[in-house]
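The exercises below ask you to work from a sequence and a 3D structure, one step at a time. Please look at both before you turn to the solutions.

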Amino acid sequence: MHRTKYINAQASDSCMTGSHLAKLKRWMPPTRQELIDFILVSVVAGFILSFNRWGTTTFDVGAGIVSWIGASILAALMFAVHHIAQRLVALHLDTKVEQRAWLGGMVAGVLLTLITRGIVPFIAFTRTDFHELPVQRLGHFRYKGGTFIK
């Protein structure tokens, strides 16, 4: 019986606290450069994913553009879910991650798609930069007396 109370108390302690919310508000939103890179990567990935869908028997620009837009939206959703999850885990580990476009990966992806006629889609377009967050050292335990405040 007592073990159940202890487990529940531990689970409730691990929920979002003010410190976690402050980190989310400060470090979760992407920078302007990350948004620009995100759009660029989504459009290039959309081109690679839609390369074989520019017409069934002959080249059709209208069908290709519609396919490119749909694949770009799908790629944007894929990258967004990946980056948000990666950022949440990093914030939990007191680290900030920044996503940057990797030009070498985009060029390699487009070249591999053109050479193989879209059979091999190579999508490795971003790099991740890690920055250690400063430790938040203020808290209620410092104001209970003892060695810090007398």
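Five exercises follow, each with a worked solution.

The model is predicted, so local features need pLDDT of at least 70 and side-chain atom pairs count only at pLDDT 80 or more, while totals for chains, interfaces and linings use all residues. Residues are numbered from 1 along each chain as its sequence is written, and side-chain values use heavy atoms, with hydrogens and water left out.

**Exercise 1. The overall plan**

Find out how many helices and strands the protein has, and in what order the elements run.

Solution. Begin by listing the elements, where helices (H or I, at least four residues) and strands (E, at least two) are DSSP runs numbered from the N terminus; the protein has five helices and two strands. Next, read them from the N terminus on, which gives the order α-α-α-α-β-α-β. Then consider burial, where buried means under 20% relative accessible area, exposed over 50%, and partly exposed in between, with a 1.4 Å probe and protein chains only; of the 150 residues, 27% count as buried. Finally, turn to contacts, meaning heavy atoms within 4.5 Å: among those between residues at least 6 apart in sequence, 72% join residues at least 24 apart.

**Exercise 2. The strands**

Determine how β1 and β2 pair, and whether the residues of β1 are buried or exposed.

Solution. Start with the pairing, which requires that DSSP finds at least two bridges between two strands; β1 and β2, the latter covering residues 126–132, pair in the antiparallel sense over seven bridges. As one point along this pairing, K96 stands opposite H131 in β2. Now follow the side chains of β1: T95, V97, Q99 and A101 point one way, whereas K96, E98 and R100 point the other way, and all are buried. Because seven of the seven residues of β1 (residues 95–101) are buried, the strand is largely enclosed by the rest of the structure.

**Exercise 3. The core**

Identify the residues of the largest nonpolar core and the helix that gives the most to it.

Solution. Look for a set of buried Ala, Val, Leu, Ile, Met, Phe, Trp, Tyr and Cys residues joined through side-chain atoms within 4.5 Å. The largest such core has nine residues, namely V41, V44, A45, I48, A75, F79, A101, M106 and F125. Helices α3 (32–49) and α4 (61–92) each supply at least two residues of this core, and α3 gives the most, with four residues. Take M106 as an example: leaving out residues up to four places away in sequence, M106 touches L40, V41, V44, A101, A124 and F125. In general, nonpolar side chains tend to be buried together in soluble globular proteins.

**Exercise 4. Helix α4 and F79**

Work out how far α4 reaches, and which residues F79 contacts.

Solution. First, compare the span of α4 with the expected one, which is 1.5 Å times one less than the number of residues; α4 has 32 residues and reaches 46 Å from its first C-alpha to its last, close to the 46 Å expected. Then pick out the buried residues of α4, among them G64, A71, A75, F79 and R87. F79 has a relative accessible area of 9%, and its contacts, leaving aside neighbours within four places in sequence, are F38, V41, S42, A45, I123 and F125. As for S42, this residue is 37 residues from F79 in sequence but 7.6 Å away in space, C-alpha to C-alpha.

**Exercise 5. The salt bridges**

Locate the salt bridges and state how buried or exposed the partners are.

Solution. Search for a side-chain nitrogen of Lys or Arg within 4 Å of a carboxyl oxygen of Asp or Glu; the whole structure holds three salt bridges. One of them joins the side chains of R87 and E34 at 2.6 Å, N to O, and it links distant parts of the chain, since R87 is in helix α4 and E34 in helix α3, 53 residues apart. R87 is buried at 6% relative accessible area, and E34 is buried at 5%. Another joins E98 and R100 at 2.8 Å, N to O, with E98 buried at 12% and R100 buried at 18%. There is also a salt bridge between D129 and R127, with the closest N and O atoms 3.3 Å apart; here D129 is partly exposed at 22%, and R127 is partly exposed at 41%.
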